[in-house]
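This report describes two interfaces and two individual residues in a predicted model. The sequence and structure are shown first.

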Amino acid sequence: MDNEIREISCITDEETRLKAKKRRKQNIRYFFTVLFGRGILAKISFVLVCIFILVAVFCPLLTSYTPFQQELSNALKGASPQHLLGTDNLGRDLFTRIVYGARFSLSIGLLSSVWALVIGVALGLAAGYFGGIFGGLVMRLMDAQLSIPPLILALCLAAVFGGAVFSISLIIGISAVPGYVRVIYGQVLSLREYDYVEAARLIGQGNFKILFKHLLPNCFPTIIVMFTMGVGTAIMIESGLAYLGIGIKAPTPSWGVMIFEGYKYIFSSPHLALWPGIMLMLLIISLSVVGDGLRDALDPKLRGKL
Amino acid sequence: MKKFIATLLVLATVISLAACGGSTKNTTTSASPESSNTAAMTEASAPATLTPTAGGILEIGGSAILPTDVTWFKVRGIMEVAFAGLWGYETLMRYSATGTPECFLLDSITPDAGALTWTMKVKDGITFSDGSKLTAEVVAWNLNYYKENGILASSFFSNFVNAEATDSKTVVCHFSSWEILFDYYLCRTVLIASKEAFDKGGADGLVANPIGTGPFVLKNMTPDVDMTMDKNPSYWQGQVLLDGVHYTYYADELVAMEALKAGEITAAMSDSYSSIDSLMKETISLTKTQTALPSYAYTMCFKSNDQNDPCSNLDVRKAISYAIDTQALVDTLTYGYGVKTTQWCMSNNEYYSPDVTGQPYNLETAKKLLADAGYTDGFSTKLWYLNIPQMSDTAAAVAEMLSKIGITADLNPIDAASYVNYIGGWDSGILIHTMGMEGGAASQYATTFVNDISFGLGMNAFAIPDSLDALVKQAKSAASSDEAVKLFKKVAYDVFEDQCLVKVLYCTTSYSFVSDKVHDADYCTVQNRRCDLWKAWVG
Amino acid sequence: MSAYIVKRILISIFVVFAVSIFSFMILQIMPGDPARLALGYEASEEDVQTLREKMNLDKPVVTQYILWVKGVARGDFGQSVIYKQPIDKMMAERVPRTLTLGIPALFIAAPLGIVVGVISAVRRGKPLDQILTFLTTVSMGMPVFWTGILSVFIFSVELKILPLQGYVSPSQDFGQYVYKAILPVFCMALPMIAGIARQTRTNMLDSINQDHIRTARANGLPERSIIFRHALKNAMIPIITVIGMQVRVVIGGSLLVEKVFNVAGLGTILTSSINTRDYIVVMVGVLIISLITVAVNLVVDILYGVIDPRIRLSRR
């Protein structure tokens, strides 16, 4: 990646610009070749992720019900033309709840990944760049946090901060921070030694400028990969919390809550737990496959680390 | 190759679908049962020709969390009382199938309002499992000990002064002011423990080895796992046929019911309606019994003492009350196994007031009342409730019904651990509370709708008019039971009809399921989780 | 070598110290008063105050922390507010239940994961690799509780060949233990097998492409010997790291697995204590869990040093 940056800064005449354009085109082609290089599974996953995102964005258009709208007289019915996947114990349309569940799960996933990214990248950059006692302390604290499983950490924090969407996403985000810090820290350590960082320092550029102008952009590929994979993990933790009855509460259309609630009816109306479960599984799997593809395409060095 | 992977993907989905689709056949069957008859229904009893045989263990299972503490004077709720019954503790009195107190360890109990005393005669021939005798002195000691240490003594023994044994059979209880509901309180959590064991080992000794008069003796208990009881060979009612009882805790009610079907356990009780529904439809031979006494009344409590809250307006409370379709709640949330009632007791109870109509479902009346109160376009309010599945569903259903008359209700689930902080008072709006019905309606009225209580439902939320406060106090100190019944019926009318301080949504009963291998087990037929297993036998 | 070990131990001690502060903070920041909780809401304010003093809750935070650490060091973890039992007794009952499920899961998952990974790497791009990769991806994407619910449904409810739930201690009845542990161990092991297999496959592919392996192959060494004696040996270190990391996953997953299969282990007590605000138990539970993780990772770190001298020198 550092080659690219040097290229950009060296462009002087038309010829090199064309060359660079061509190379970038090749790069993009290479990117997509690798992204889908994992066979049909990668393609299906990519399509699935796109579908989930579209569904999440346009959910009110897909259904004429709201996820809370009840029809008590019509509870626990099977599939019908009015209710594509049947209704739940309060006569709410299951299809609608699943569609809105996609929106909810993806927003929790994205939001908590944003938290993890912001906190993790900031700590990782700072620890790697300043190093010394500060860096060591941050890394040891991350070790300490890593010694508590994320689900348990989230459970403890959820008891303190409550179950609103904002706090749950922050909690899940915090539990993913050490992953970011470790990887970014490693990257910054190796980048720090490069000439251009040294040069920038010699010119007298401030620490913040070096951090955000030179170091951060070089970490972008890693960050994108980690972010994509983090979304799936975050959704998984959220569903685990919901299953344990902590965190997001009914009647929020969260897939985890729906599985937890639908489990009661697994013998009489298995569709209530089954559909959200399948959706949850598909979303997490496809996100992780897309994440793998992105990693291979953007930052193959990460292979084996993530 | 790619086709192969694609096929595999499809196959995996199909397998997981098929796995759960195995019983999809039930999916479309109607949720409402054939009958919502509230009388005890019992089917498939043992043929009369079988003779009782001794021996064997009764395997009970359920999702009721095992108590973590076997301290007899710290028992609080109905569930713990039932477990304490298995450990061998019994109460002086018990409820009949209509919810009236009856003597159990006593021969008789007589109130005397003039002398401020309740006089009881202790039954002859009752021994504790350590061999000591139940005498008047032991009973008096138990009552006095409860007054000092009992966890609910401040609620139920506040007027109780002391008990004295006047002869070997007679105990006289003295009161500072008259308490007509004392017999009800004796049915609840006042467990009788052996004084001899207490004198030997102190309270700690009794906590480690509970000694009561019951048919079984606690052998060991592992919290969150199981507990084992041995029989008491010298039980006072007769020879105990079972060798013991084993209770297995199941984290999930559903699994407990599957275990019953599979024969891993032979008796189970359920108050989860999805499980009840599936077992009631089950064809395997089980004795299915609906508990005669109701367990909980799901009750909407209005924040009525805050002028800024719309719920302080009587017309608004009534409008909300008219907007609730209680029949639909019973049919959906309890599959018809719950009971529709307007007050904190069922119609066969002596305290049931037929004058209470409970604002039958009528949207037009509701809208008109709301408009009269000046809220033509409705308003927004809050619904508070304990965060358990049955309650969340109830709250969601209520919110939806309120939206029909323009009221937007914000759902605020409360964690079990902090629920206690909300019982006395909540911010604004409506609290949906599960009112325990095991204490009897009168004792609930007496501890709720008075102004000077130290702890109780809605003590910082209800606007209780002075007239109601006076009426409750008058009823509580009525000279005779008949008088008390008459006055408490008036209280009920005030509370549910005139003031509409609370609104009963529906009430729940539980069901017990006993395998056909078990005979003569009186398992939860009268009261939620109360079991009288001394006559039971396995064969 | 000994300097390296000392360094690792010092770091572990620091980590444990940091975790002990964190678990102690749980008590401080969580809402609710443990003393009031222990006595019930009817208790008088004086009684609550007395218990608060007895539990040291009235002292300054730092003093409380020191007293708590001293107690823990003596093996006195305090008393559970809800269970009314000494916590060391409770943990002595519960930790073995979690370990008797978690350790077999780890020991089944590690070799199986490595084998799957090696096969995948050797058959790279072939149908077998594709199938295995697909299966590992799916296994990693399945939330543990969902695997549990599905497997209960298939094996216990539909096929009726395994019990619905429950746990029997191996010392009590080994046959029953195995019978009841099959599904929970399977659910715990599945994501681990997938994780280890993935890591093994990646490392094996890297390793196979290295020069000395190519040389060995060019020299005509038998393929089996190349794979197992050379390539796998090289790939082993990162694999061990992953196995060390999986301990975390096992314990985290045990929370869910124990709920699905109704095992009264460490995970169950932690969940229920958080729900009932029994913070003293939560504190001890979190501390025990991190001690287990830290100990395992320390062993792994020291193992590295033994296997690969380069790490001793370069690792900071």
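Contact here means heavy atoms within 4.5 Å. By that criterion, and leaving aside neighbours within four places in sequence, C:Leu67 is in contact with C:Asn56 and C:Lys59. C:Leu67 belongs to helix α4 of chain C, which covers residues 61-74. C:Leu67 counts as partly exposed because its relative accessibility is 33%. The C-alpha atom of C:Leu67 is separated by 37 Å from that of C:Pro104, a residue 37 places away along the chain.

**Domains of chain C**

The domain assignment divides chain C into domain 1, made of 1-82 and 279-316, and domain 2, which spans 95-275. The C-alpha centres of domain 1 and domain 2 of chain C are 29 Å apart. Between these two domains of chain C, 15 residues of domain 1 are in contact with 15 residues of domain 2. Domain 1 and domain 2 of chain C bury about 1,400 Å² between them, and 87% of this area is on carbon and sulfur atoms. On the side of domain 1 of chain C, the residues that lose the most area to domain 2 are C:Val282, C:Ile289 and C:Tyr304, which together account for 32% of what that side buries.

Which polar links join the two domains? The rule finds zero salt bridges across the interface of domain 1 and domain 2 of chain C. The count of residue pairs in polar contact between domain 1 and domain 2 of chain C, with both residues at pLDDT 80 or more, is likewise zero. Helix α12 of chain C (residues 279-307) gives the most to the side of domain 1 that touches domain 2, with 13 residues. That side of domain 1 of chain C consists of eleven nonpolar residues, three polar and one charged.

**Chain C against chain A**

Chain C also meets chain A, in a contact that takes 44 residues from chain C and 46 residues from chain A. Together chain C and chain A bury about 4,100 Å², with 77% of it on carbon and sulfur atoms. In chain C, the residues losing the most area to chain A are C:Phe145, C:Trp146 and C:Arg248, with a joint share of 15% of what that side buries.

One salt bridge is found across the interface of chain C and chain A. This salt bridge pairs the side chains of A:Asp292 and C:Arg198, at 2.9 Å from N to O. Three residue pairs are in polar contact between chain C and chain A, both residues being at pLDDT 80 or more. Several helices give two or more residues to the side of chain C that touches chain A, among them α6 (127-141), α8 (174-208) and α10 (223-261). The most comes from α1(C), with eight residues. By type, the chain C side that touches chain A holds 30 nonpolar, nine polar and five charged residues.

The buried areas of the two interfaces are set out below.

| Interface | Buried area | On carbon and sulfur atoms |
|---|---|---|
| Domain 1 of chain C and domain 2 of chain C | about 1,400 Å² | 87% |
| Chain C and chain A | about 4,100 Å² | 77% |

**A residue of chain B**

B:Thr291 is placed in the loop between β14 (286-290) and β15 (296-302) of chain B. Because its relative accessibility is 0%, B:Thr291 counts as buried. Leaving aside neighbours within four places in sequence, B:Thr291 is in contact with residues including B:Thr509, B:Tyr511, B:Cys524 and B:Asn528.

Conventions:
Residues are numbered from 1 along each chain as its sequence is written. Chains are lettered from A and ligands numbered from 1 in the order in which they are written. This is a predicted model: local features need pLDDT of at least 70, side-chain atom pairs count only at pLDDT 80 or more; totals for chains, interfaces and linings use all residues. Side-chain values use heavy atoms; hydrogens and water are left out. Domain bounds come from an automatic or database domain assignment. Buried area is the accessible area (1.4 Å probe) that two parts lose on being put together, summed over both. A salt bridge is a side-chain nitrogen of Lys or Arg within 4 Å of a carboxyl oxygen of Asp or Glu. A polar contact is a pair of N or O atoms within 3.5 Å; within protein, one must be able to donate a hydrogen and the other to accept it, and residues adjacent in sequence count only if both atoms are side-chain atoms. Helices (H or I, at least four residues) and strands (E, at least two) are DSSP runs, numbered from the N terminus. Ala, Val, Leu, Ile, Met, Phe, Trp, Tyr, Cys and Pro count as nonpolar, Asp, Glu, Lys and Arg as charged, and the others, Gly among them, as polar. Buried means under 20% relative accessible area, exposed over 50%, partly exposed in between (1.4 Å probe, protein chains only).
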